[in-house]
Amino acid sequence: MSGLVDVIACESSVCSIENSVLCYRGYPIDELADHATFEEVIFLLWHGRLPNQTELTYLQQSIIENATLPKKIYDLLSLYAPWGNCMAKLRTAVSFLTHFDDNVMDPSPDADSHKAILIITKMAAIIAAIDRIRNNLEPVDATTIQPTSLAELFLWLLKGEKPTAIATKALDKCLILHAEHELNASTFAARVTVSTMSDMYSGIVSAIGTLKGPLHGNANEQVALMLEEIGDLSRVEPYITDKINRNDRIMGFGHRVYKNGDPRAKHLKALSLELADWHQDRRWYDISVAIASLVQERKGLMPNVDFYSASVYMYLGIPHNIFTLIFALSRSSGWIAHILEQHANNKLIRPRANYTGKRDAVWIPLSDR
Ligand code: CMC
């Protein structure tokens with residue numbers, strides 16, 4: 001089956017997508033987007049239930065307390081070329097994190113829980129530091145700030161100042177909406193990796209490498225580039241017509257699972273409008289809406305999660321090159337939930353291929369070739 005379309009590859013209780021309704025552990029995404037915090041979603045994904053106040057406070061504190069990076073990680077980030085691909089930088093840095101954890105190969109639930117916190121928190125700090133270092137700015141010392149959530153921590157480390165409540169809330173919602181999505185390509189890669197009884201870091205590194213592609217997580221950055229290339233509402237029609245005539249893929253549209261619309265897109269569209277009005281600048285929102293209506297009319301394709309998240313991040317003043325890294329930060333919560341599930345009931349994932357190559361080949365000595 002090309003692309004494993006509709007193939008059921010494992011049993012999972014983390015996430016369901018049934019009749020286009022997306023649920024994390026049974027909770028519809030609409031409920032979570034409207035009521036939850038990202039920390040509640042992290043706990044839900046990892047433990048299968050909502051946290052009580054004590055558990056939530058403990059998780060929030062653990063996140064804040066672990067945000068400092070080993071000095072050698074900053075040294076590594078300083079070695080990167082400023083213009084280098086930021087997802088590649090993140091992939092290498094997360095891999096390097098392995099060397100600072102004494103329990104890397106211990107798959108016990110306690111060791112895995114500790115790794116989970118370290119990974120998600122330090123990823124936030126690494127992403128912020130990648131962006132600051134490439135812009136010749138000093139990374140922010142996490143011990144000098146007092147954030148109350150991962151979203152606030154990340155924006156504070158990125159921008160070097162306390163973010164506004166509206167920016168923190170907007171990012172928190174984006175993190176919730178991107179957190180988990182069943183057996184998408186990066187989650188599958190993570191599960192395959194740890195099914196060999198490899199460690200959680202290796203699973204996350206595989207997943208980051210997989211999310212990096214434009215058919216998956218990098219579509220959000222491509223959407224931002226498209227919005228900037230279009231630049232003005234009047235250019236939407238000729239630009240999209242040209243793309244369609246050339247049979248180009250239009251980034252941020254279409255989905256392997258959702259054929260009648262991605263349930264996350266409406267939340268991101270509303271958020272984009274809210275931020276546009278907050279900035280008193282609807283340019284990116286208006287261009288996005290015009291593209292969406294044209295692509296739907298001409299190609300019958302609907303926006304996916306990556307489409308409106310681009311304008312949301314643009315309004316939040318986040319540079320394009322780290323959009324996909326924010327997706328990775330959020331999705332690491334889902335990757336970890338799947339890694340924990342895989343470790344808890346492991347079976348090596350090793351499918352078969354339908355052989356279509358040559359048969360009965362006869363060996364030709366090198367001198368005769
Ligand atoms: N622009 C133009 N044509 C498209 C698009 C698009 N965005 N998406 C699908 N199509 C066409 C495609 O050309 C194909 O046409 P035909 O049958 O004539 O060859 C048909 O629709 C089916 O596409 P497919 O690629 O076979 O379908 P798929 O289920 O393998 O692809 C997809 C899903 C997400 C890879 C695809 O829709 C795509 O490339 N979208 C653009 C990239 C993107 O936005 N990715 C983010 C996905 S959602 C979040 C995430 O996973 O990160």
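Select C23 and C15 to begin the tour of this predicted model: the sulfur of C23 lies 7.8 Å from its closest cysteine sulfur, which belongs to C15, and because a disulfide requires the two sulfur atoms to be within 2.5 Å, this separation is too far for a bond. While C23 is still selected, note that this residue is buried, its relative accessible area being 11%.

Next, add C174, whose sulfur also has C15 as the residue holding its closest cysteine sulfur, here at 18 Å and again too far for a bond. C174 is buried as well, with a relative accessibility of 0%. The structure as a whole contains zero disulfides.

Now colour the chain by domain, taking residues 12–195 together with 321–344 as domain 1 and residues 219–315 as domain 2. The centres of domain 1 and domain 2, computed over C-alpha atoms, are 26 Å apart, and where the two meet, 23 residues of domain 1 are in contact with 22 residues of domain 2. About 2,000 Å² of area is buried between them, with carbon and sulfur atoms giving 69%. On the domain 1 side, select I166, L177 and F323, which supply 31% of the area that this domain buries against domain 2, more than any other three residues.

For the polar side of the interface, show K266 and D30, which form a salt bridge whose closest N and O atoms are 3.2 Å apart. One salt bridge is counted between the domains, and five residue pairs are in polar contact across their interface.

Finally, display α1 (29–35), α8 (165–178) and α16 (323–344), the elements that each give two or more residues to the side of domain 1 touching domain 2; of these, α8 gives the most, with eight residues.

Key: Residues numbered from 1 in each chain as written. Predicted model: local features only at pLDDT ≥ 70, side-chain atom pairs only at ≥ 80, totals over all residues. Heavy atoms only, no water. Buried < 20%, exposed > 50% of the residue type's maximum accessible area, 1.4 Å probe, protein only. Domains from an automatic or database assignment. Contact = heavy atoms within 4.5 Å. Buried area = accessible area lost by both parts, 1.4 Å probe. Salt bridge = Lys/Arg side-chain N within 4 Å of Asp/Glu carboxyl O. Polar contact = N/O pair within 3.5 Å; in protein donor to acceptor, adjacent residues only side chain to side chain. Helix = DSSP H or I, 4+ residues; strand = E, 2+ residues; numbered from the N terminus.
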